[in-house]
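User: Please take a close look at a single part of this model and tell me where it sits and what surrounds it. Then set it beside the rest of the fold.

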Amino acid sequence: MSEYDTLTLAVGDDRVALLTLNRPTALNALSSQMMREFTEALDEVTRADARVLVLTGAGRAFAAGADIAEMRDRTFGEMTDADHLSAWERLAALRIPTIGAVNGFALGGGCEIAMMCDLLFAGEGASFGQPEIALGIIPGIGGTQRLTRVVGKPQAMDLILTGRRIDADEAFRLGLVSRVVPDDEVLDSAMTAARQIAGFSSRAVRAAKECVLRADQTSLSEGLLFERRWFHSLFAFADQTEGMTAFLDKRPARFSDD
Ligand code: HXC
């Protein structure tokens, strides 16, 4: 377990990393310090060779957005010179699967970080939104882009231009969320899925993630070719033989990452 001022990180023997945003009195508002510590924690996750990252928030929020108190007096020069807030994108660049476990508010930058996760589990009482417009700004770490790709232009315009919040069921209907579960089961559900994924062949998992992400980035024909190449490549590894042999022997597979 690593303690940061604004986060906690635990990497278990199951090689699942649990990273908790931990400024509950400010609803886990995303401060500069938290962003710095977040990138350090992601480095630690990589060094620990974790297989899956679960990201959650302490208390009654996943994160209620960027820290408004800290942002209020920033100038254009400061924002652009420091490329302020861009380091959050490190989450989207991780090679291992990431699962967001959202309890309570996921607003503004909190919603954007949630959308960077590969899977998103939400408690029934969770609420999502991009309320930046009411602050005289717009989403700044992917809200206009990732949200639009997921829910389409009419819904993205509605959420971003009105700033209205949606509950977990609506987020699920819009395709923003993978699963909705009772509030007190969100983290357990995310950890269970993470352990399941961590038990599979890491190369197959990486291939699957890369291929799905490619779907947003390229044409169908290029994406299909990319998938086919990865599919063929997995036959270079012992894990493919083991997975198929285990099925035929009617026993659990023992993947070795070979
Ligand atoms: C700083 C915040 C905060 C935030 C909440 N707090 N959100 N502080 N930045 N984003 C603080 C409050 O000031 C308060 O501190 C404490 O957390 C509890 O919040 P309350 O407002 O008292 O709680 P509640 O009445 O339940 O309302 C919850 C809420 C509301 C609906 C989530 O806090 C809210 O609207 N927050 C702002 C949401 C938002 O606009 N997010 C977008 C930020 S801009 P005290 O000290 O009074 O107890 C953004 C840009 C993204 O995210 C760009 C890239 C990252």
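Analyst: I133 lies in the loop that runs between β9 (127–129) and α5 (143–151). The model is a predicted one. I133 counts as partly exposed because its relative accessibility is 36%, and partly exposed covers the range between under 20%, which is buried, and over 50%, which is exposed. I133 also takes part in a nonpolar patch on the surface, together with I138, M157 and L161. The area of this patch is about 390 Å².

Another loop residue can be set beside I133. T218 is found in the loop between α9 (202–214) and α10 (220–233). With a relative accessibility of 30%, T218 counts as partly exposed. Between T218 and V102 there are 29 Å in space, taken from C-alpha to C-alpha, and the two are 116 residues apart in sequence.

Now the sheet. It is open and has 7 strands, in the order β1-β2-β3-β4-β6-β8-β11, with mixed pairing. At its edges are β1 (2–3) and β11 (179–181), each of which pairs on one side only. Helix α1, residues 32–47, packs on this sheet and touches β1, β2 (7–11), β3 (16–21) and β4 (52–57). The direction of α1 makes about 5° with that of β2.

At the β11 edge, the neighbour is β8 (residues 119–123), which runs parallel to β11 and is joined to it by 3 bridges. In one of these pairings, G123 has V181 of β11 as its bridge partner.

Key. Residues are numbered from 1 along each chain as its sequence is written. This is a predicted model: local features need pLDDT of at least 70, side-chain atom pairs count only at pLDDT 80 or more; totals for chains, interfaces and linings use all residues. Side-chain values use heavy atoms; hydrogens and water are left out. Two strands pair if DSSP finds at least two bridges between them. Helices (H or I, at least four residues) and strands (E, at least two) are DSSP runs, numbered from the N terminus. Contact means heavy atoms within 4.5 Å. Axes are lines fitted to C-alpha atoms, for helices over the stretch in contact, and angles run from 0 to 180 degrees between N-to-C directions. Patches are made of residues with over 30% relative accessible area and no salt bridge: like charges are joined within 9 Å, nonpolar side chains (Val, Leu, Ile, Met, Phe, Trp, Tyr) within 5 Å. Accessible areas come from the Shrake-Rupley method with a 1.4 Å probe; for residues, only the protein chains shown count as cover. A salt bridge is a side-chain nitrogen of Lys or Arg within 4 Å of a carboxyl oxygen of Asp or Glu. Buried means under 20% relative accessible area, exposed over 50%, partly exposed in between (1.4 Å probe, protein chains only).
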